[in-house]
Every structure is written in C-alpha cells, then in structure tokens.
Amino acid sequence: MELVHAAVDWMISFAGSPYALAALFVFAFWESSFFPLPPDPLLIAMAVGKPESALWYAAICTVGSVLGAMLGYLIGLKGGRPIAERLFKQERLDAASGLYRRYDAWAVIAAAMTPVPFKVFTITAGLARVNFKRFVVASVIGRGLRFFAIGAAVFFFGPTIQRVLDQYFELLTIGFLALIILGFVAVRYGGAYLHRRNQDTESGKKGKLLG
C-alpha cells in the first residue's frame, strides 16, 4: 500500500513540471500496455491546477491511452499466450478471456471505464484476436468517457472540485488506491471462478462421453 501511495505521489509531482503534458501522455500510454497505475491522479492534479485546459488534458490522456491499448493488443497478438502468461497470472487471463467470449468488444468498454487493470484486457484482446477495429473503437469510447468525465467535472466545477480535493485529499487518495486494489482483486477472483467453471464444464463433457 505504501509503495502504491509513493508511486501515486511521484506521478502527481509531474503536474507542476514543464514536462507535465508529456508525462500525462506517457503514463496514459504505459498504463494501457504494461504500467500498473492509471493516469487519473496526474490528470486530476493538472486539470485542477488549470481548469480551463481540463478537457484538453482529457483528450491527451485519451489519445495516449488508446495508442497504448493498441500496443497492448499487438503484444498479445504477436507474443501469444506464452508472453501473456509471463506477464499475468492464469486467473487474470481466464477472467479477461471469459469476458471476451461472452461480451466481445463490450468487455473492452467496461474495463476501460473501471479500475480493473486495462493492460490485462488490451493484451488479452490481441491474444483472443478480437476484431481490431472494434477493439480500437471500444477503447476510444471507454477511455474517452472515463477521462472526459474527469475533465468535464473539473472544467465546469473547478473551484468546487478544488475545495473538495483540498479538504478531503487524503480520503480521496485512499479511496482511489482502494479502487485500484479492488480492480486487481476482481480480476484475480473472477479469473479463479471462470477457471473453476471451465474445469467443471470440461469434466461434465468428459463424464457424458464416458457415460
């Protein structure tokens, strides 16, 4: 928990630097392919510091994230399952694969808007060979809705958001970190459930064949 908190603080430290825009793009790009933390804290800090540019920051974040998602898709497509298994636990792969089998590109939109680690879904999308055009469109929709919601909130309610952040920053930080952890937990246990269900299904099929 302390390590994650330190990483978030380090990310936010770029908000006041001359490299803030580049850092926002890079963090958004990384998070969609291999970086564990989402760029939301930096986006919020930059938007609050300059509310009139909040929507512009959201656009930069969205573009970086979608391009990173395309890289993640390529990693899964070209690297195949051996690469995916080295990057993620089996439970996470089972969870993402199960969602793709059931919902296809809709799973990308859902993952893009939630604290669930997005890179798990981008890489698994390539592994599952989800239609690339649908994948990109879903990424744009999901990431755009998420980041522009943040940007719009700061753009229209800047001073109010600033006061809330000043007063409840620690609680919001803890809540944000809790959402990240819950995202990882959801993928882990969701994958374990799908893995057990697949095993039960296969056992049932074998039983019918033997019967």
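**Notebook: R143 and the α2/α3 pair**

I began with the neighbours of R143. Leaving aside residues up to four places away in sequence, R143 touches E31, S32, T62, S65, V66, A111, A112 and F118. I note here that the model is predicted.

Next I looked up where R143 sits. R143 belongs to helix α8, which covers residues 132-210. Is R143 buried or exposed? I found a relative accessibility of 0% for R143, under the 20% cut-off, so R143 counts as buried.

One contact of R143, E31, led me to helix α2, which spans residues 20-31. I then checked how α2 packs on helix α3, residues 40-49. I used the usual pair of descriptors: two packed helices are described by the angle between their axes and the distance between the axes. For α2 and α3, I noted an angle of about 150 degrees and axes 9 Å apart. An angle over 145 degrees counts as roughly antiparallel, so α2 is roughly antiparallel to α3. The crossing of α2 past α3 is left-handed.

Which residues make the contact? On the α2 side I listed A20, L21, A23, L24 and F27. On the α3 side I listed L42, L43 and M46. I sorted the contact of α2 with α3 by class: 8 residues are nonpolar, none is polar and none is charged.

Last, I checked the cover over α3. How many of the residues of α3 are buried? I counted 7 of 10, and α3 is mostly covered. The buried residues of α3 are D40, P41, L42, L43, M46, A47 and V48. L42, L43 and M46 of α3 thus appear in my notes both as contacts of α2 and as buried residues.

Note on methods: Residues are numbered from 1 along each chain as its sequence is written. This is a predicted model: local features need pLDDT of at least 70, side-chain atom pairs count only at pLDDT 80 or more; totals for chains, interfaces and linings use all residues. Side-chain values use heavy atoms; hydrogens and water are left out. Axes are lines fitted to C-alpha atoms, for helices over the stretch in contact, and angles run from 0 to 180 degrees between N-to-C directions. Helices (H or I, at least four residues) and strands (E, at least two) are DSSP runs, numbered from the N terminus. Angles under 35 degrees count as roughly parallel, over 145 as roughly antiparallel, 65 to 115 as roughly perpendicular and the rest as oblique. A crossing is left-handed if the near helix is turned anticlockwise from the far one by less than a right angle, and right-handed if clockwise. Contact means heavy atoms within 4.5 Å. Ala, Val, Leu, Ile, Met, Phe, Trp, Tyr, Cys and Pro count as nonpolar, Asp, Glu, Lys and Arg as charged, and the others, Gly among them, as polar. Buried means under 20% relative accessible area, exposed over 50%, partly exposed in between (1.4 Å probe, protein chains only).
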